[in-house]
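Here are a few notes to read alongside the model. Have the sequence and the 3D view open as you go.

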Amino acid sequence: MFQGASSLSLDAKGRLSVPTRHRDALLAQAGGSLTITKHPDGCLMVFPRPEWEQVRERIAKLPMSAQWTKRIFLGNAMDVEMDGTGRVLVSPELREAAGLTKEAILLGMGSHFELWDKATYEAKEAAAMQAEMPDVFKDFSF
């Protein structure tokens, strides 16, 4: 399970360094093979390849009424490999889609990560903190 937030910087070639605390798990779980795709909320999702393959199968089975959603997730998915120093190249198309330039936030979301442009994430998080809690959490107790 991946959790926690990490501030990252993309280098001039669009590579990011996977935080050390996640590298061993990604190597053990996926041999360093990852898949990155768009999310409609404006971020990118980063999956260990075996996890992506399960998600991909579920998405592929969606009905024709979800064709655009399928295009967003499946049509933009790119397979990448961590290099020997734990870096991953994010394609120019995916960087542009998420507005990634230099500063980014990598969020552990359990089975995968979300990769956000730092300023975009901070603005959306601030708005969410001011908004009313979703109904699903109203009876939730910590």
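The points below cover two pockets and one serine.

1. First, a reminder: this is a predicted model. Please read the pocket volumes and contacts with that in mind.

2. Start with the largest pocket, which has a volume of about 230 Å³. To find it in your viewer, select A128, M129, A131, E132, M133, P134, F137 and F142, the residues that line it. By class, this lining has 7 nonpolar residues, 1 charged residue and no polar ones.

3. Next comes the second largest pocket, with about 170 Å³ of space. Its lining is made up of D41, L107, E114, W116, Y121, K124, E125, A128 and M129. Here the split is 5 nonpolar and 4 charged, again with no polar residues.

4. Which element gives the most to the lining of that second largest pocket? It's α5, with 5 residues. Both α5 (118-130) and β8 (113-117) supply at least two residues each.

5. A128 and M129 deserve a look in both views: they're among the residues lining the largest pocket, and they also turn up in the lining of the second largest one.

6. Now for S6, which sits in strand β1 (residues 2-9). Is S6 buried or exposed? Its relative accessibility is 7%, so it counts as buried, the cut-off for that being under 20%.

7. The side chain of S6 makes a polar contact of 3.1 Å with the side chain of R21. Leaving aside residues up to four places away in sequence, S6 touches P19, R21, A104, I105 and L106.

How values were computed
Residues are numbered from 1 along each chain as its sequence is written. This is a predicted model: local features need pLDDT of at least 70, side-chain atom pairs count only at pLDDT 80 or more; totals for chains, interfaces and linings use all residues. Side-chain values use heavy atoms; hydrogens and water are left out. On a 1 Å grid over the protein atoms alone, a cavity is a set of points where a 1.4 Å probe fits but cannot get out, and a pocket is an open set with protein on both sides within 12 Å along at least five of seven lines; lining residues have an atom within 4 Å of a point. Grid points are joined across faces, edges and corners, and a volume is the space filled by probe spheres set on the points. Ala, Val, Leu, Ile, Met, Phe, Trp, Tyr, Cys and Pro count as nonpolar, Asp, Glu, Lys and Arg as charged, and the others, Gly among them, as polar. Helices (H or I, at least four residues) and strands (E, at least two) are DSSP runs, numbered from the N terminus. Buried means under 20% relative accessible area, exposed over 50%, partly exposed in between (1.4 Å probe, protein chains only). A polar contact is a pair of N or O atoms within 3.5 Å; within protein, one must be able to donate a hydrogen and the other to accept it, and residues adjacent in sequence count only if both atoms are side-chain atoms. Contact means heavy atoms within 4.5 Å.
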